[in-house]
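Welcome, and please open the structure in your viewer. We will go from stop to stop, selecting a few residues each time.

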Amino acid sequence: MEILEVGEKLEGKHYDFRNLCFGLVEKDGQIMMVYTHKDRNHSLPGGGIEEGETKEEALIREVKEESGLVVIPESIKEYGSVLRISKIRGNENIIFEQEN
C-alpha cells in the first residue's frame, strides 16, 4: 500500500489537500453530529478552511452552513489535532494521511 504525499500526482490526477477544522458542539451533555446523505455517515460539523480564513472563522462558517447554529466566537476552545488515515475513493490500494 502506498502513502500519498501532499501535492503528489496519482495516475495523472493532482490531489489538492486542504486544511480542515471540526467542532465539538456540546449542550446539556449532548454532542451535535451532522448526517451527510452523500457519505451516509454522521460526523462532527466542520470542513475546509478557505484561503485567507482563520480556523475559527472556518469553524463558525461550517457550523452555520451545516446546522444553522451560530457559534459564539468566545466559546471556541482549541483542543488539539487528529491524524486521519483514509483510503482514496476509487483506488483502494492508496491511502493518505491528514492532520486535522
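Is Ile 31 buried, partly exposed or exposed? Select Ile 31 and show the surface: this residue has a relative accessible area of 48%, so it is partly exposed, as the range for that class runs from 20% to 50%. Keep in mind during the tour that you are looking at a predicted model.

**The surface around Ile 31**

Ile 31 sits in strand 6, which covers residues 30–31. Now add Leu 24 and Met 33 to your selection. Together with Ile 31, they make a nonpolar surface patch of about 290 Å².

**The whole chain**

Zoom out and switch to a cartoon view. You should find 1 helix and 11 strands. Follow the cartoon along the sequence, and the pattern reads β-β-β-β-β-β-β-β-β-α-β-β. The chain has 100 residues, of which 27% count as buried. Its exposed area is about 7900 Å², with 50% supplied by carbon and sulfur atoms. Taking the contacts between residues at least 6 apart in sequence, 39% of them join residues at least 24 apart.

**Into the core**

Next, hide the surface and select Cys 21, Met 32, Ile 49, Ala 58, Leu 59, Val 63 and Val 71. These 7 residues form the largest nonpolar core. Which element gives the most to this core? Colour helix 1 and you have it: helix 1 contributes 3 residues. In soluble globular proteins, nonpolar side chains tend to be buried together.

Stay with Val 63 for a moment and display its surroundings. Leaving aside residues up to four places away in sequence, Val 63 touches Met 32, Pro 45, Gly 68, Leu 69 and Val 71. Both Met 32 and Val 71 are also members of the core.

**A last stop at Glu 53**

Finally, select Glu 53, in the loop between strand 9 (46–48) and helix 1 (55–67). Why does Glu 53 count as buried? Its relative accessibility is 18%, and buried means under 20%.

Show the side chain of Glu 53 as sticks and look for its polar partners. One of its polar atoms lies 2.9 Å from the backbone nitrogen of Glu 50. The side chain of Glu 53 is also joined to the side chain of Arg 61 by a polar contact of 2.8 Å. Not counting residues up to four places away in sequence, Glu 53 touches Gly 48, Ala 58 and Arg 61. You have met Ala 58 before, as a member of the largest nonpolar core.

Technical notes: Residues are numbered from 1 along each chain as its sequence is written. This is a predicted model: local features need pLDDT of at least 70, side-chain atom pairs count only at pLDDT 80 or more; totals for chains, interfaces and linings use all residues. Side-chain values use heavy atoms; hydrogens and water are left out. Helices (H or I, at least four residues) and strands (E, at least two) are DSSP runs, numbered from the N terminus. Buried means under 20% relative accessible area, exposed over 50%, partly exposed in between (1.4 Å probe, protein chains only). A polar contact is a pair of N or O atoms within 3.5 Å; within protein, one must be able to donate a hydrogen and the other to accept it, and residues adjacent in sequence count only if both atoms are side-chain atoms. Contact means heavy atoms within 4.5 Å. A nonpolar core is a set of buried Ala, Val, Leu, Ile, Met, Phe, Trp, Tyr and Cys residues joined through side-chain atoms within 4.5 Å. Patches are made of residues with over 30% relative accessible area and no salt bridge: like charges are joined within 9 Å, nonpolar side chains (Val, Leu, Ile, Met, Phe, Trp, Tyr) within 5 Å. Accessible areas come from the Shrake-Rupley method with a 1.4 Å probe; for residues, only the protein chains shown count as cover. A salt bridge is a side-chain nitrogen of Lys or Arg within 4 Å of a carboxyl oxygen of Asp or Glu.
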